[in-house]
Structure formats: structure tokens, C-alpha cells
Amino acid sequence: MMKSSKQTYQDVAEACSKYTRTSREESFKNFGCDCEKPSCLNCTHFDKNEHCDLDLYDKIVDRIR
């Protein structure tokens, strides 16, 4: 499985109507992310396997390309 770039994660989060920011501590613990901008890496719906538990990621990527 290929991981997406940080920019793609940010673009998807900005286009996602379900984006919900996690706490900074949780983001860092799960992904080593200290993201100030919206990103899948700091969304409550993104699991530690880097998968959107709402299955929205691929749909949004297809839409914003």
C-alpha cells in the first residue's frame, strides 16, 4: 500500500465535509504529525493504518484531481 503525500492529505481534508480535527497530542502520537493545517493525519476519522473509517478518502481524491 502506497501512502499519500502530506499535501494530498491536506487537500483531501480541506475538501472533506466530515473532517474533524483530533487533539494535537493524539495526532502526534498516532502519526508523528504536528499539523497546523487540516489534514487526514489529524482527523478523527483517519485510523493508525492511514485509512479513512468513513471511506471518503478515495472519493474525494477522485473529485479533486
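Contact is taken here to mean heavy atoms within 4.5 Å. In the predicted model, leaving aside neighbours within four places in sequence, Q10 is in contact with K37, P38 and S39. Q10 is found in helix α1 and is buried, with a relative accessible area of 16%, which falls under the 20% limit for that class.

The chain as a whole comprises 3 helices and 0 strands, and along the sequence these elements follow the pattern α-α-α. Of the 65 residues in the chain, 32% are buried. Among the contacts with a separation of 6 or more, 48% are accounted for by residues 24 or more positions apart.

The packing of the helices was examined through their buried residues. In α1, which spans residues 6-15, the buried residues are Y9, Q10, V12 and A13. These residues lie on the same side of α1 because they cover an arc of only 165° around the axis. The buried residues of α1 pack against α3. In α3, which runs over residues 57-64, the buried residues are Y57, I60 and V61. They cover an arc of only 100° around the axis, and therefore sit on the same side of α3. An α-helix has 3.6 residues a turn, so residues three or four places apart point the same way. The buried residues of α3 pack in turn against α1, whereas the face of α3 turned away from its buried side carries the exposed residues D58, K59, D62 and R63.

The loop between α2 (24-31) and α3 contains C40, which counts as buried at 8% relative accessibility. Leaving aside its neighbours within four places in sequence, C40 is in contact with Y9, V12, A13, F46 and Y57. Of these partners, Y9, V12 and A13 are among the buried residues of α1, and Y57 is one of the buried residues of α3. The C-alpha atom of C40 is separated by 8.7 Å from that of K6, although the two residues are 34 residues apart along the chain.

The interior was then searched for enclosed space. Rolling a probe the size of a water molecule over the atoms shows where empty space is left. The count comes to 1 cavity of 30 Å³ or more, and the largest cavity has a volume of about 90 Å³. Its lining is made up of 13 residues, of which V12, C16, C40, C43 and C52 lie nearest the centre of the cavity. Helices α1 and α3 each supply at least two residues of this lining. By residue class, the lining of the largest cavity divides into 11 nonpolar, 1 polar and 1 charged.

Because cysteines appear among the residues nearest the centre of the cavity, and a disulfide requires a pair of cysteine sulfur atoms within 2.5 Å, the sulfur positions were considered next. A disulfide is a covalent bond between the sulfur atoms of two cysteines. The model contains 0 disulfides. C16 is in no disulfide, since the nearest cysteine sulfur, that of C43, is 6.2 Å away and the limit is 2.5 Å. C16 is nevertheless buried, with a relative accessible area of 17%. C52 is likewise in no disulfide, and the nearest cysteine sulfur, that of C16, is 6.3 Å away. C52 is also buried, its relative accessible area being 10%.

Backbone geometry in the loop between α2 and α3 was also considered. Most residues other than glycine have a negative phi, and most peptide bonds are trans. E50, which has its place in the loop between α2 and α3, has a positive phi of about 60° although it is not a glycine. E50 is partly exposed, with a relative accessible area of 22%. D55 also lies in the loop between α2 and α3 and, although not a glycine, has a positive phi of about 55°. At 48% relative accessibility, D55 counts as partly exposed, the class that extends from the buried limit of 20% to the exposed limit of 50%.

Terms used:
Residues are numbered from 1 along each chain as its sequence is written. This is a predicted model: local features need pLDDT of at least 70, side-chain atom pairs count only at pLDDT 80 or more; totals for chains, interfaces and linings use all residues. Side-chain values use heavy atoms; hydrogens and water are left out. Buried means under 20% relative accessible area, exposed over 50%, partly exposed in between (1.4 Å probe, protein chains only). Helices (H or I, at least four residues) and strands (E, at least two) are DSSP runs, numbered from the N terminus. The arc is that of the directions from the helix axis to the C-beta atoms. On a 1 Å grid over the protein atoms alone, a cavity is a set of points where a 1.4 Å probe fits but cannot get out, and a pocket is an open set with protein on both sides within 12 Å along at least five of seven lines; lining residues have an atom within 4 Å of a point. Grid points are joined across faces, edges and corners, and a volume is the space filled by probe spheres set on the points. Ala, Val, Leu, Ile, Met, Phe, Trp, Tyr, Cys and Pro count as nonpolar, Asp, Glu, Lys and Arg as charged, and the others, Gly among them, as polar.
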